[in-house]
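Colleague: Could you take a close look at one part of this model for me? I would like to hear about a single strand and its partners.

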Amino acid sequence: MLPVVVVHGGAGHIPKERSEKSTEGVCSAVRAGYVVLKRGGSSMDAVVEAVTHLENNPAFNAGCGSVLNVKGEVEMDAIVMEGKTLGSGAVSAVRNIANPIQLTRLVMDKTSHACLTAEGASQFARSMGVPEVPMESLITEYARMRWRKNLVPDANPVECQMGKMGTVGAVAVDSEGNVACATSTGGMLNKMEGRVGDTPCIGSGGYADNQSGAVSTTGHGEAIMKVTLARLILFHMEQGQSAEAASDLGLAYMKSRVSALGGVVTVDPQGQWAARFSSHQMSWAAAQKDTLHYGLYVGEHFTQGIDEPLLQGI
Ligand code: ASP
């Protein structure tokens with residue numbers, strides 16, 4: 001079944017006028033990750049490439065397009081993990097970095113730490129020659145509009161999260177059977193300054209272990225942390241469940257135990273994969289054996305040749 005890459009563009013409620021951009025975005029990101037695998041790149045190379053594409057796409061809540069905190073500022077969280085060594089790197093509350101996912105890889109490769117935060121992460125980025133970008137360059141009109149709407153004291157909590165653009169993530173297996181995950185986000189709309197979500201927390205926003213598989217998660221961060229969703233799903237896989245069944249079990253537990261919805265992309269080391277969600281929608285795409293798979297609503301699964309223009313669902 002090897003190799004494979006699977007990406008998500010966030011669980012939630014995507015307004016109709018934004019669904020096309022979201023579907024196109026995940027499909028183009030998965031193609032970019034797949035090219036890396038086809039050229040013999042590692043699963044880590046592939047997930048970082050795919051997530052970099054999604055961070056650069058303003059349709060998603062990561063990198064450019066991130067949602068804003070209560071002060072109207074961008075604070076982003078991200079993580080990478082590789083299944084061969086259990087090596088991981090994360091950053092939290094970073095502000096002036098175009099691609100936090102690339103910084104997480106530097107944390108993994110160049111430090112003895114698992115996570116750097118805020119100003120310390122910025123200093124590390126500078127020392128590695130990662131360029132700083134003005135915060136304004138990461139803020140879209142849409143993100144600013146959502147922020148303003150949600151400042152209203154009687155804002156409807158359901159409406160607030162509608163149109164919430166998604167956190168992004170990817171999982172992959174390379175031709176050597178190594179698994180990896182990457183997740184990147186602007187977090188929750190109008191969050192408190194300094195709030196750190198699930199994304200950079202190992203076992204919550206993502207986890208990768210060659211002995212079971214890899215998972216990248218999306219949804220309400222505080223709930224995901226309560227159930228350590230990524231690790232929970234891999235636990236079920238260790239008990240013999242398939243990627244799909246384990247993903248559903250993890251999401252069902254989060255729903256029943258803490259009343260929260262979310263979504264995940266999951267692979268096992270043999271290249272079996274799943275894109276599952278309990279939310280209304282999650283844009284996702286997978287590439288394997290030169291075939292592109294994608295969908296947005298529950299039960300939707302379009303399939304076509306990897307290089308064909310998108311035919312359905314947009
Ligand atoms: N999990 C992210 C967070 O809470 C948000 C999301 O996935 O949409 O920061």
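Modeller: Happy to; here is a walk around strand β2 and the strands beside it. This is a predicted model, where local features need pLDDT of at least 70, side-chain atom pairs count only at pLDDT 80 or more, and totals for chains, interfaces and linings use all residues. Residues are numbered from 1 along each chain as its sequence is written, and side-chain values use heavy atoms, with hydrogens and water left out.

Strand β2 covers residues 76-82; strands here are DSSP runs of E with at least two residues, numbered from the N terminus. Six of its seven residues are buried, so β2 is largely enclosed by the rest of the structure. Buried means under 20% relative accessible area, with a 1.4 Å probe and protein chains only.

β2 has a partner in strand β3 (residues 88-94), and the two pair in the antiparallel sense over five bridges. Two strands count as paired if DSSP finds at least two bridges between them. Within this pairing, V80 stands opposite G89 in β3. The two strands form a hairpin, with five residues between them. In that turn, L86 has a positive phi of about 65 degrees.

β2 also pairs with strand β6 (residues 179-185). Here six bridges join the strands, which again run antiparallel, and D77 stands opposite T185 in β6.

To sum up, β2 is largely enclosed, and β2 pairs in the antiparallel sense with β3 and with β6.

Conventions
Buried means under 20% relative accessible area, exposed over 50%, partly exposed in between (1.4 Å probe, protein chains only). Helices (H or I, at least four residues) and strands (E, at least two) are DSSP runs, numbered from the N terminus.
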